[in-house]
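Visitor: Got a minute to walk me through this one? I'd like to start with how strands get matched up.

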Amino acid sequence: MTAHFAKRGPVAVITLYNPPMNGLGLATRQAFMQALRQAEQDADVHAIVINGAGKQFCSGADIKEFGTDLTFAEPNLHTMIHAVEHATKPVVVALHGLTMGGGLELALGCHYRVVAAGTQIALPEVKLGLLPGAGGTQRLPRVLGVEPALNMIITGNSVPAEMLAQAPGQKLFDKLVPSAENILEEAVAFAESIADVRPLPQVRQLPCAHPQGEAYFQFARNMARGMARHLPAPVKCVDAVQVATQTRMDEGLLKERDLFLSLMMTPESRSLRHLFFAERATSKIADVPADTPLRPIQKVGIIGAGTMGGGIAMNFLNADIPVLLLEMKQEALDRGIATIRGNYEAQLKKGKLKADKLEQRMGLLHTTLDYADLKDADLVIEAVFEDMGVKEQVFRKLDEVCKPGCILASNTSTLDLDRIAAFTQRPQDVVGLHFFSPANVMKLLEVIRGAHTGKDVLATVMALAKKIRKIAVVSGVCDGFIGNRMVEQYLRQAGFLLDEGCTPQQVDRALEQFGFPMGPFRMSDLSGNDIGWAIRKRRYVERPGYRFSGTADKLCEMGRFGQKTGAGWYDYQAGKRDAQPSALVNQMIEDHRKEKGITPRKIGNDEIVKRLVLALVNEGARILEEGIASKSGDIDMVYIAGYGFPIHRGGPMHYANELGLNQVLTAMRGFAANPLDDAEFWQPAPLLQRLADEGRQFA
Ligand code: NAI
């Protein structure tokens, strides 16, 4: 049974039991309704307490059923809430741990709520592009007031119960108890104390109004639009809460349901729901069982205190894991330490970190110039120069000094991990941990699985990634791994667009309107145009006939490496990041066209966006087919967490699914027919062609 019935004297106790979150799946809803009927029919029962087994009351829908017909199957959540609200005996709910979504909506249907301090309260549906669809938008404003309720609904963020309990005039909680330990006993005692009180209080009877009425809701709508330009759900949340102030409860519930169903159909919600599952699936690796024993990681060594080493170190310090930082020279160590301290001090100034925390974190950071000091590290991450010779020296040394079982990781962004592993006698212990810059900020971590990487090593670093709050995605070994391999094709297309008639501003604007925080040229200026230059020089040797626009090389020959040199595709004033269009660059592009005999044409935003995004899709399909990524959702997560792909589009592969793979192929055929583009470039990946032929999608 997924809900239990028990009796404590005159009080019936119904316990939701669907570990780990007590999700309200169909079986749980059925068992709950049966227990409620039993409590109603038992003449010895005078009051009913609902609670959750384990660490939480309930986090809402059962995600295993999410988006399936089972969610709506009877008894659905509405039926449950209606039943408790109209029960003839008082229903008291005992809240602890997480009380979210449908769990909170169920609680709002109960007559009384007893809550433990520390309980996290939230209606997070907006994060899935939805709104609370089981009365949350109608009942929460009645117990909490319109503004605080709308803030919770529109952000989806959780708020500690004790904070809400302090709100003046709140009717959300009838009793706050100091801890979750005795929550059930407290709720039973409360139930006994009110067992005879009639009439039974119902949230639906409470008034709901805002003194400024329409003016407030208009303001709230503008705020919601500003917060999430591309997402319809926040504005609909405002609409739903306004309804609560305008109509009777039953009408409000119907209107809320309509708004919920309309959001359910939006591509934005489909994208957010896809990403919700994709993120959870990244840590599932087909051939690595969930119960694979993990290696303990209590001490981390980092080689190289440069741009990446320092940022990587901060991740571990933030998670209270001691770090030993190794460099070649004391000055390099001093510089690295000063940067780390500087970053923490900046957080301190912004109020994001307390002074004692800063010192505690710095206290976990130790330095050395001697490899022998790494002898007791559990994990060593190398972040030295991107040069195979230097990597060889470092890994041979690590193999000598590190204890057996120590995981040896490389942060290389381009080099062959299997070659690096071969410098050691323990390739099973070698893995790639490709952090993105700035490593203390960027969420993405590509975990590179070498030919010999041990399953327990993979499982350990995936678990560790969670601890340091990264989104880790496994990639096989190939040039550029998942993210940079795809971005190379995206940037090649961006270059071809310049050849044909676009300016960098035009391309950037189109991609920014699509939802990227910055277009390809501003992005290249930020990361450094010299990086792409080095890659292209390699490609000219390795892959004759593989085309790039010549403009990027010309830009680098002008010394315009991007923000760091104050000039790239754009001009930058000293110390500022605002990109100003550059007449010099635009002239260089025009001269380049003349040199190639190209007459420029006007190119629309739709073509610009499709050429860049479908370049990602086609390469993504190759990556999937080669097994470099094991699922298309992993590719989407790489692009969302590492490259600013707009979340409301769900990642490149999801976007292609939404377009329809046949449409994708039709567009690609059109691009291939353009003599100034590259027909070879637009050869569909065999997997893409096959899936489209079979009427299937990326999965
Ligand atoms: P960096 O040049 O800023 O830092 C490298 C540091 O390693 C320097 O402080 C240097 O003194 C030290 N070092 C060099 N050889 C050493 C040795 N034998 N023993 C100890 N220390 C040594 O380089 P950055 O940018 O931090 O890159 C490091 C690695 O991270 C490279 O493999 C790079 O490809 C990779 N990476 C860089 C990204 C970036 O955006 N900078 C992004 C992702 C990966």
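Guide: Sure. Two strands count as paired if DSSP finds at least two bridges between them. Keep in mind that this is a predicted model.

Visitor: OK, so how many bridges join β7 to β8, and do they run parallel or antiparallel?
Guide: Strand β7, residues 120–122, is joined to β8 by 2 bridges, and the two run antiparallel. In one of the bridges to β8, Q120 has P160 as its partner.

Visitor: What's the strand order in that sheet?
Guide: The order is β5-β7-β8, an open sheet of 3 strands with mixed pairing. β5 (98–100) and β8 (159–160) are the edge strands, each pairing on one side only.

Visitor: And which helix lies across β5 and β7?
Guide: That's α3, residues 102–109, and α3 runs at about 80 degrees to β5.

Visitor: Switching to the ligand: which residues come nearest?
Guide: G304, G306, M308, E386 and S437, out of 24 residues around the ligand. Helices α12 (307–318) and α15 (388–401) are the elements that each give two or more residues to that shell.

Visitor: How does the shell divide into nonpolar, polar and charged?
Guide: There are 13 nonpolar, 9 polar and 2 charged residues in the shell.

Visitor: Zooming out, how many helices and strands does the chain have?
Guide: The protein chain has 28 helices and 19 strands. Its radius of gyration is 29 Å, close to the 27 Å the globule rule gives for 699 residues, so the chain is as compact as a globular protein of that length.

Visitor: What share of the residues is buried?
Guide: Buried residues make up 46% of the 699.

Conventions
Residues numbered from 1 in each chain as written. Predicted model: local features only at pLDDT ≥ 70, side-chain atom pairs only at ≥ 80, totals over all residues. Near = placed C-beta within 6 Å. Helix = DSSP H or I, 4+ residues; strand = E, 2+ residues; numbered from the N terminus. Nonpolar A, V, L, I, M, F, W, Y, C, P; charged D, E, K, R; others polar. Contact = placed C-beta atoms within 7 Å. Axes fitted to C-alpha atoms, helices over the stretch in contact; angles between N-to-C directions. Rg over C-alpha atoms; globule rule 2.2 N^0.38 Å. Buried ≥ 20, exposed ≤ 12 C-beta atoms within 10 Å, placed from the backbone.
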